[in-house]
Amino acid sequence: METYPEPSAAARPQDVADDVREEDLLRVLQDVPRGAFALCAIAVALLIILWLAIYFGVFLPRGPVS
Amino acid sequence: MNEREILRTELRWVLIVAGAVGIIVAVIVISSAAMVLHPPSNVETIDPTALHVEGEFVESNLGAVENPDGTITARILATQFMFVPRCVVVPAGRRVTFRITSPDVIHGMLIDGTNVNTMVMPGYVSQVNTTFPEPGDRFVPCHEYCGLGHGGMWSMIRVVPENEWKPDADGRMTCEFPY
């Protein structure tokens, strides 16, 4: 049975990882989590504020049910 | 950034998310306890084939009636393709108990601008308690597809100010036509 060699991940230029220096990578990683943290915090804060606004501004004024 | 710092960041984020969920749960629990809010639940069976001949849903007993304690009970029949009665009068600011059932298929009832929203199933009595803070006409559509006439199945709750609530000797008041 004829076998074919597995193609290498580096066979095409777009599959080859960028040539990044280790110190550059570490420098970027220092900053990214802080930005992501700020973005997540803003998103969650907006979610909570909007939820509270709908609960107190729409749901409760519509009268109690039981 | 070393692994210890990443772990610390993740733990900090877990605390923030837990705090956010805690705020929402606390608001729901405290307001539910303070205002006696809970999802309407009432398991009560009734013979759907005998609604028109006996029991509380005979035609003469439908509509709003004032109870001896001043609260209101409104009995409504949801049937293909109308609510009976077509218009129910209730006073603002009083506790109103809606009791609804169906003789034929599953219907739904919601009162526009309020949190009243219930399924109406043949064989069961749906019950919802609420209070209308403001007078006004409230649109009440059927919100469960019940057949070809579903789109035309609606009724109205007319909330009148306390001084306009003038029930007859039986404690009943009906809408003035046209409505």
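Which residue takes a positive phi in the hairpin of β6(B) and β7(B)? In this predicted model, the residue is G113(B), with a phi near 80°, and the hairpin has six residues between its strands. The two strands, β6 (residues 107-110) and β7 of chain B, pair in the antiparallel sense over four bridges. One of the pairings puts M109(B) opposite T118(B), its bridge partner in β7(B). T118(B) also turns up when the faces of β7(B), residues 117-120, are sorted out: together with V120(B), T118(B) makes up the covered face, while N117(B) and M119(B) sit on the uncovered one. That pattern fits a general rule, namely that side chains in a regular strand alternate between the two faces of the sheet.

A word on confidence before going further. Chain B has a mean pLDDT of 91, and 98% of its residues reach 70 or more. For the model, the scores are ipTM 0.74 and pTM 0.75.

Chain A can be described quickly. It has one helix and zero strands, and 2% of its 66 residues count as buried. Chain B, by contrast, comes with a domain assignment: domain 1 covers 1-38 and domain 2 covers 59-164. Taken over C-alpha atoms, the centres of these two domains of chain B are 39 Å apart.

How do the two chains meet? The contact draws on 25 residues of chain B and 18 residues of chain A. On the chain B side, α1 (3-35) and β8 each supply at least two of the residues that touch chain A. The largest share of that side, ten residues, is from α1(B). Sorted by class, the chain B side has 16 nonpolar and nine polar residues, with no charged ones.

Back in the strands of chain B, β5 (residues 95-101) has pairings with both β2 and β8. With β2 (residues 72-79), β5(B) runs parallel, joined by six bridges. With β8 (residues 126-131), β5(B) runs antiparallel, again through six bridges. V96(B) is a handy place to see both pairings: V96(B) is the bridge partner of I72(B), and the bridge partner of V96(B) in β8(B) is T130(B).

Some of these strands also feed the largest nonpolar core, which holds 29 residues. Within that core, I76(B), A78(B) and V90(B) touch the most other members. Elements giving two or more residues to the core are β2, β4 (87-91), β5 and β10 (154-160) of chain B. Of these, β2(B) gives the largest share, four residues. As a general point, nonpolar side chains tend to be buried together in soluble globular proteins. V90(B) gives a view of the neighbourhood: leaving out residues up to four places away in sequence, V90(B) touches A64(B), I72(B), A74(B), V96(B), F132(B), I157(B) and V159(B). That list includes I72(B) and V96(B), the two residues paired as bridge partners between β2(B) and β5(B).

The loops of chain B deserve a look too. R94(B) lies in the loop between β4 and β5 of chain B. Is R94(B) buried or exposed? R94(B) counts as partly exposed because 16 other C-beta atoms lie within 10 Å. Setting aside neighbours within four places in sequence, the contacts of R94(B) are G70(B), T71(B), I72(B) and T131(B). T71(B) is 23 residues from R94(B) in sequence, yet the two are 6.1 Å apart in space, C-alpha to C-alpha.

Two cis peptide bonds are also worth pointing out. One runs from Q80(B) to F81(B), with omega near -5°; F81(B) is in the loop between β2 and β3 (82-84) of chain B. The other joins V84(B) and P85(B), with omega about 0°, and P85(B) is in the loop between β3 and β4 of chain B.

Finally, there is V36(B), in the loop between α1 and β1 (63-66) of chain B. V36(B) is not a glycine, yet V36(B) has a positive phi of about 50°. V36(B) counts as exposed because 11 other C-beta atoms lie within 10 Å.

Notes:
Residues are numbered from 1 along each chain as its sequence is written. Chains are lettered from A and ligands numbered from 1 in the order in which they are written. A residue is buried if 20 or more other C-beta atoms lie within 10 Å of its own, exposed if 12 or fewer, and partly exposed in between; C-beta atoms are placed from the backbone. Two strands pair if DSSP finds at least two bridges between them. pLDDT is the predictor's confidence in each residue, from 0 to 100. Two residues are in contact if their C-beta atoms, placed from the backbone, lie within 7 Å. Ala, Val, Leu, Ile, Met, Phe, Trp, Tyr, Cys and Pro count as nonpolar, Asp, Glu, Lys and Arg as charged, and the others, Gly among them, as polar. Domain bounds come from an automatic or database domain assignment. A nonpolar core is a set of buried Ala, Val, Leu, Ile, Met, Phe, Trp, Tyr and Cys residues joined through C-beta atoms within 7 Å.
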